[in-house]
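Here's a quick look at one structure, with a sheet and a covalent link as the two topics. Have the coordinates open while you read.

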Amino acid sequence: QVQLVESGGGLVQAGGSLRLSCAASGRTFSNYAMGWFRQVPGKERDFVAAISWSGGKTYDADSVKGRFTISRDNAKNTVYLQMNSLKPEDTAVYYCAADFRSIIPGRSPIHWGQGTQVTVSS
């Protein structure tokens with residue numbers, strides 16, 4: 001019902017910034033809560049940030065609080081993750097996610113993107 005495609009990943013030095021984008025198609029985008037997760041090899045996929053369908057409520061993980069900002073533009077069917085003050089430990093594959101209910105840490109969302117690699121060098 002919903003297809004998600006991430007972009008914007010790449011290689012950046014510690015302290016730098018990247019902006020990830022997630023373009024959605026299919027069922028009405030504005031009806032879905034959206035979020036970002038990340039995963040490194042051998043570890044579980046971790047919650048990063050979430051935003052409500054209206055964009056009025058956001059929540060982010062303690063590890064990125066104050067550095068990452070999630071936002072959405074429903075007119076463009078796109079959700080963003082602005083990442084500032086990047087650290088080597090932020091290196092991971094970042095996945096966009098959508099759920100008609102909500103994005104809750106520990107619960108797998110219904111829809112996933114393919115992921116985009118973010119590598120932070122020191």
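Let's start with a pair of cysteines: both Cys22 and Cys96 are buried. This is a predicted model, and in it Cys22 and Cys96 form a disulfide with their sulfur atoms 2.1 Å apart. Cys22 sits in strand β3 (residues 18-26) and Cys96 in strand β9 (residues 92-99), so the bond ties together parts that are 74 residues apart in sequence. If you care about handedness, the torsion about the S-S bond is about -85°, so this disulfide is left-handed. Searching the whole structure turns up one disulfide.

Now for the sheet. Strand β3 also belongs to an open, antiparallel sheet of four strands, ordered β1-β3-β8-β7. At the edges are β1 (2-7) and β7, each pairing on one side only. From one strand to the next, the twist averages 15°.

Zooming in on the β7 edge, six bridges join β7 to β8 (residues 78-83), and the two run antiparallel. Two of the facing pairs are easy to pick out: Phe68 has Met83 as its bridge partner in β8, while Thr69 stands opposite Gln82. The hairpin of β7 and β8 has four residues between the strands, and Asn77 takes a positive phi there, near 55°.

Strand β7 (residues 68-73) also has two distinct faces, one covered and one uncovered:

| Face of β7 | Residues |
|---|---|
| Covered | Phe68, Ile70 and Arg72 |
| Uncovered | Thr69, Ser71 and Asp73 |

So which face does Arg72 belong to? Arg72 is on the covered one, along with Phe68 and Ile70.

Notes: Residues are numbered from 1 along each chain as its sequence is written. This is a predicted model: local features need pLDDT of at least 70, side-chain atom pairs count only at pLDDT 80 or more; totals for chains, interfaces and linings use all residues. Side-chain values use heavy atoms; hydrogens and water are left out. Buried means under 20% relative accessible area, exposed over 50%, partly exposed in between (1.4 Å probe, protein chains only). Two strands pair if DSSP finds at least two bridges between them. Axes are lines fitted to C-alpha atoms, for helices over the stretch in contact, and angles run from 0 to 180 degrees between N-to-C directions. A disulfide is a pair of cysteine sulfur atoms within 2.5 Å.
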